[in-house]
Amino acid sequence: MAEFYEVELRVRYQETDQMGVVYHANYLNWFEVGRTEWLREYGMSYRILEEQGWLLPVTEVWCKYHASAKYDDLVRIKIWIDTMSKLRMTFGYEVTRATDGEKLVSGKTEHVFINREGQVQRINRILPELYELMTQKAVSNT
């Protein structure tokens, strides 16, 4: 069964344009915040992965903008594993304004595990415990 994790942050002035609206690329940074905190919540971190020689690059991004976030808004980032296979995983995201629940952005990022030489690795072989955890928490497995 899929499990969701949420993290909140406040829109900083530097994340907005001259109109006080969040610049569109900053949502991708927020996706990364969510991913990082999701991993940490379940006992893994990017630091630990990298110390073990594993990297988790983004191979694809999809993002749909629904409404604008503005300076000083408190936003909630909802994160989950959308799909999981032995070679790839996709995180899903939904960013809402915390005060009224309005959906601001929805999106996905696809990832693969690679070694330091850039070779794609099967997560079930290199990190079987993490693979099992992620598979259990994924919306769907491919």
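Let me start with a charge and a ring: the charged end of Lys78 sits over the ring of Phe4, at 4.4 Å from the ring's centre. Please keep in mind throughout that what we are looking at is a predicted model, and that the side-chain values I quote rest on heavy atoms, with hydrogens and water left out.

Turning now to rings that meet other rings, the structure holds 8 aromatic pairs. One of them is formed by Tyr27 and Trp30, whose arrangement is edge-to-face, with 5.0 Å from centre to centre and 75 degrees between the planes. Where do these two residues stand relative to each other in helix α1? They are 3 residues apart in that helix, which spans residues 26-41, and so about one helical turn separates them. As for accessibility, Tyr27 is buried, with a relative accessible area of 2%, and Trp30 also counts as buried, at 1%.

Tyr27 has another partner, Tyr65: the centres of their rings lie 5.7 Å apart and their planes are at 65 degrees, so this pair, too, is edge-to-face. Here the contact links distant parts of the chain, since Tyr27 belongs to helix α1 while Tyr65 belongs to strand β3, residues 58-65, and the two residues are 38 apart. Tyr65 is partly exposed, with a relative accessible area of 40%, whereas Tyr27, as I said, is buried.

Finally, I would point you to a cluster, and the question is which residues ring pairs link into it. The members are Phe31, Trp38, Tyr42, Phe91 and Tyr93.

Definitions and conventions: Residues numbered from 1 in each chain as written. Predicted model: local features only at pLDDT ≥ 70, side-chain atom pairs only at ≥ 80, totals over all residues. Phe/Tyr/Trp six-rings, centres within 6.5 Å; stacked < 30°, edge-to-face > 60°. Helix = DSSP H or I, 4+ residues; strand = E, 2+ residues; numbered from the N terminus. Buried < 20%, exposed > 50% of the residue type's maximum accessible area, 1.4 Å probe, protein only. Lys NZ or Arg CZ within 6 Å of the ring centre and 35° of its normal.
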